[in-house]
Structures are given as structure tokens and as C-alpha cells.
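Ready for some practice in reading a protein model? Keep the picture beside you and try each task before you look at its solution.

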Amino acid sequence: MGRAVIWASSYAHQLSGLKSVDEGCIILMLPGTDPGPAARAVSEELSSALNHPVTVGTAGPVAQLSAISRTYQEARCCLDALTALGGTGGTASPRDLGFLGLLLSDNPNTGDFVNSTIGPVLDYDAQQRTELARTLEAYFASVGSPTRAAESLHVHPNTVSRRLERITELLGSHWLEPRQALEIQLALQMQRTRLALMRGRRDQAGRATS
């Protein structure tokens with residue numbers, strides 16, 4: 001532990017950050033806007049210095065001092081989750097953990113989860129006036145059958161196939177792997193709920209002013 005603390009003190013000083021130790025864990029507060037690369041750099045360099053894997057949980061960034069304690073707890077939860085899942089030597093932020101990170105957060109941001117999971121699809125639909133998100137919903141509802149999805153959407157199966165190809169371009173080739181597919185379905189449901197709530201609020205505001 002002593003070598004790790006000495007390394008952390010030097011590392012924090014070089015980056016104009018802060019270091020502390022709590023319950024056998026080294027805490028670093030470093031400048032930057034993306035916790036992912038910072039965590040990977042710490043894990044790689046400290047692992048090399050100690051000659052054994054170092055696991056890092058991370059969160060942030062922090063814009064206000066009042067958020068430091070909450071952000072630390074999120075990072076600690078990510079570390080605990082990695083340890084429990086056997087992710088020794090890995091790094092994770094709430095975003096990296098997907099829906100699990102959302103559950104671990106004291107202040108869950110469903111909008112951030114939706115955007116990080118299916119944001120490219122939603123943006124493409126908004127810009128191109130397409131129905132990729134609706135096609136995804138139909139595809140999952142039909143248990144992965146493009147033919148049945150096409151029937152529910154009242155389009156040709158080839159249209160669904162082309163849309164699925166576009167979705168693969170936007171989300172990457174692994175979007176159908178079990179964990180990512182589950183998170184996509186959760187994000188689609190959250191997005192549908194968000195839109196329904198927004199419409200309900202607009203309707204209420206319209207009735208109030210009429």
C-alpha cells in the first residue's frame with residue numbers, strides 16, 4: 001500500500017490534482033471532463049508500477065464542490081461492482097456499467113443513460129425523419145424476427161433489414177449481444193415513457209391556458 005500511496009501523491013501533484021486514502025482505497029481527484037480515460041491511465045500506470053492489476057472505479061466530472069461527496073460514492077460503488085463481478089484490473093464509471101451504473105447512482109440520470117445507449121439512433125431519426133427507434137422496438141417485440149417486425153410496422157421485410165443495417169452502423173456490431181440488447185430495450189422503454197410524460201405535461205399546460 002505504501003508504494004501505491006507514494007505513486008498516487010506524485011501522480012496527483014503532476015496533474016494538479018488531489019489525493020487521499022480511505023479504508024484501504026486511494027482516492028484521486030483529477031482535472032478533466034471525461035473520467036473514463038483518466039481511470040484507464042491510472043490503472044495502467046499504477047499496475048505497471050506495482051507489477052499487479054489495479055482496479056479503478058470512477059465518476060464525474062464535478063462542477064460544484066457540493067457534488068464531490070456524491071461523486072465519490074458513485075465511484076466507490078463502481079469499484080465495488082467491478083470487484084464483485086470479478087473485474088480485477090478493470091475500470092468503470094456509472095456510464096460504463098450501463099443500467100447497473102444507473103441503479104448504483106444516488107442521483108440516477110435516465111436521460112444520460114438513454115443518450116449513451118441509443119442516442120445515435122434518436123439523433124438520426126430526428127435529423128433524417130426515419131423510424132429506426134420504432135423499428136428497434138418492433139424488432140425486439142417480435143423476438144428478433146425481421147419478418148414479424150415488418151408486419152407490425154406495415155413495411156416490407158427488406159425495409160426492416162436495411163434499417164437494422166443502419167442501426168448496426170450507428171450502434172456498432174455488438175448491439176445484439178445480450179447485455180447491450182437488454183440495455184437498448186430498457187433505454188427504448190425509458191425514452192417512450194419520457195415522451196409520454198412530456199406530452200402529458202404539454203396537454204395539461206394547454207388545458208390550463210385555454
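This is a predicted model, so let us read it step by step.

**Exercise 1. Decide whether histidine 154 is buried or exposed, then find where it sits and what is special about its phi.**

Solution.
- Step 1: The relative accessibility of histidine 154 is 71%. The cut-off for exposed is over 50%, so histidine 154 counts as exposed.
- Step 2: Histidine 154 belongs to the loop that links α7 (146–153) to α8 (157–171).
- Step 3: Its phi is near 60°, which is a positive value in a residue other than glycine.
- Step 4: Most residues other than glycine have a negative phi.

**Exercise 2. Do the same for glutamate 23: find its loop, its phi and its exposure.**

Solution.
- Step 1: Look between β1 (18–22) and β2; glutamate 23 is in that loop.
- Step 2: Phi of glutamate 23 is near 50°, again positive in a residue other than glycine.
- Step 3: Glutamate 23 has a relative accessible area of 65%, so it is exposed.

**Exercise 3. Describe the surroundings of serine 93.**

Solution.
- Step 1: Find the loop between β4 (91–92) and α4 (99–104); serine 93 lies there.
- Step 2: With a relative accessibility of 6%, serine 93 falls under the 20% limit, so it counts as buried.
- Step 3: Leaving out residues up to four places away in sequence, serine 93 touches Thr58 and Cys78.
- Step 4: Now compare sequence and space. Serine 93 and cysteine 77 are 16 residues apart along the chain, and their C-alpha atoms are 9.2 Å apart.

**Exercise 4. Start from threonine 71 and work towards the peptide bond between glycine 60 and proline 61.**

Solution.
- Step 1: Threonine 71 is part of helix α3. It counts as buried because its relative accessibility is 9%.
- Step 2: A polar atom of the threonine 71 side chain lies 2.8 Å from the backbone oxygen of alanine 67.
- Step 3: Beyond residues up to four places away in sequence, threonine 71 touches Ala59, Gly60 and Val62.
- Step 4: Glycine 60, one of these, is joined to proline 61 by a cis peptide bond, with omega about 0°. Proline 61 is in the loop between β3 and α3.
- Step 5: Most peptide bonds are trans.

**Exercise 5. Give the volume of the largest pocket and describe its lining.**

Solution.
- Step 1: The volume of the largest pocket is about 980 Å³.
- Step 2: It is lined by 37 residues, and those closest to its centre are Ile26, Ile27, Leu28, Met29 and Gly57.
- Step 3: Sort the lining by type: 25 residues are nonpolar, nine are polar and three are charged.
- Step 4: Elements that each supply at least two lining residues are α1 (2–14), β2 (25–29), α2 (35–50), β3 (56–57) and α3 (68–84).

**Exercise 6. Step back and describe the whole chain: how many helices and strands does it have, and in what order do its elements run?**

Solution.
- Step 1: Count the elements: there are nine helices and four strands.
- Step 2: Read from the N terminus, and the order is α-β-β-α-β-α-β-α-α-α-α-α-α.
- Step 3: The chain has 210 residues, and 34% of them are buried.
- Step 4: Take the contacts with a separation of 6 or more; residues 24 or more positions apart account for 50% of them.
- Step 5: The accessible surface is about 12800 Å², and carbon and sulfur atoms make up 52% of that.

Note on methods. Residues are numbered from 1 along each chain as its sequence is written. This is a predicted model: local features need pLDDT of at least 70, side-chain atom pairs count only at pLDDT 80 or more; totals for chains, interfaces and linings use all residues. Side-chain values use heavy atoms; hydrogens and water are left out. Buried means under 20% relative accessible area, exposed over 50%, partly exposed in between (1.4 Å probe, protein chains only). Contact means heavy atoms within 4.5 Å. Accessible areas come from the Shrake-Rupley method with a 1.4 Å probe; for residues, only the protein chains shown count as cover. On a 1 Å grid over the protein atoms alone, a cavity is a set of points where a 1.4 Å probe fits but cannot get out, and a pocket is an open set with protein on both sides within 12 Å along at least five of seven lines; lining residues have an atom within 4 Å of a point. Grid points are joined across faces, edges and corners, and a volume is the space filled by probe spheres set on the points. Ala, Val, Leu, Ile, Met, Phe, Trp, Tyr, Cys and Pro count as nonpolar, Asp, Glu, Lys and Arg as charged, and the others, Gly among them, as polar. A polar contact is a pair of N or O atoms within 3.5 Å; within protein, one must be able to donate a hydrogen and the other to accept it, and residues adjacent in sequence count only if both atoms are side-chain atoms.
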